[in-house]
Amino acid sequence: MYQSLSLAPAQRTARIAFHAARGGDPWVAARCYLELADRHAQEQAYLDAEAAYGRALENLTESDHEHIALAAHGRGLMRFRLGRQE
């Protein structure tokens, strides 16, 4: 049986995002990183959420204003919660 079938949803999403980013599909990578960031934020894993929002921003194109705003807002909120105002 495939190992990926036994992974938790968060781990599966992280792997899909990583492979999409490295494989040249930034649209899929950005959406997966946003989903992962939201999941981490709900779990109060703020450092992981901040990193995932940053990775989403790296993969978004300049024309995707809506998702850029969501990712930037999420990353800023996580930095505030972590006390990283710099």
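These are my notebook entries on helix α2 and its surroundings in a predicted model.

**Entry 1: the helix itself**

I started with the extent of α2, which covers residues 26-42, 17 residues in total. From its first C-alpha to its last I get 24 Å, close to the 24 Å expected at 1.5 Å a residue. Just past the helix I looked at Gln44, which follows α2 and has a positive phi, near 60 degrees.

**Entry 2: what is buried**

Next I asked which residues of α2 are buried. My list reads Ala29, Ala30, Cys32, Tyr33, Leu34, Leu36, Ala37, His40 and Ala41. A reminder to myself: an α-helix has 3.6 residues a turn, so residues three or four places apart point the same way. With that in mind, I noted that Tyr33, Ala37 and Ala41 are among the buried ones. Then I checked what the buried residues pack against, and found α1 (9-22), α3 (46-59) and α4 (65-82).

**Entry 3: a residue at the edge**

I picked Val28, also in α2. Is Val28 buried or exposed? Neither label fits: its relative accessibility is 25%, and buried means under 20% while exposed means over 50%, so Val28 counts as partly exposed. Leaving aside neighbours within four places in sequence, Val28 is in contact with Ile16 and Ala20. I also looked up Phe18, which is 10 residues from Val28 in sequence and 9.7 Å away in space, C-alpha to C-alpha.

**Entry 4: α2 against α3**

How do α2 and α3 pack? I find an angle of about 160 degrees, with the axes 8 Å apart. Angles over 145 degrees count as roughly antiparallel, and the two helices are therefore roughly antiparallel to each other. The crossing of α2 past α3 is left-handed. On the α2 side the residues that meet α3 include Pro26, Asp38 and His40; on the α3 side I noted Tyr46, Arg55 and Asn59 among those that meet α2.

**Entry 5: the core**

Last, I turned to the largest nonpolar core, which has 17 residues. Which members touch the most others? They are Tyr53 and Ala71. The elements giving two or more residues to this core are α1, α2, α3 and α4, and α2 gives the most, with 7 residues.

I followed Tyr53 a little further, again leaving aside neighbours within four places in sequence. Its contacts include Leu34, Ala37, Asp38 and Ala41, and Leu34, Ala37 and Ala41 are also on my buried list for α2. Tyr53 is also in contact with Leu70, Ala71, Gly74, Arg75 and Met78.

Technical notes: Residues are numbered from 1 along each chain as its sequence is written. This is a predicted model: local features need pLDDT of at least 70, side-chain atom pairs count only at pLDDT 80 or more; totals for chains, interfaces and linings use all residues. Side-chain values use heavy atoms; hydrogens and water are left out. Helices (H or I, at least four residues) and strands (E, at least two) are DSSP runs, numbered from the N terminus. The expected span of a helix is 1.5 Å times one less than its number of residues. Buried means under 20% relative accessible area, exposed over 50%, partly exposed in between (1.4 Å probe, protein chains only). Contact means heavy atoms within 4.5 Å. A nonpolar core is a set of buried Ala, Val, Leu, Ile, Met, Phe, Trp, Tyr and Cys residues joined through side-chain atoms within 4.5 Å. Axes are lines fitted to C-alpha atoms, for helices over the stretch in contact, and angles run from 0 to 180 degrees between N-to-C directions. Angles under 35 degrees count as roughly parallel, over 145 as roughly antiparallel, 65 to 115 as roughly perpendicular and the rest as oblique. A crossing is left-handed if the near helix is turned anticlockwise from the far one by less than a right angle, and right-handed if clockwise.
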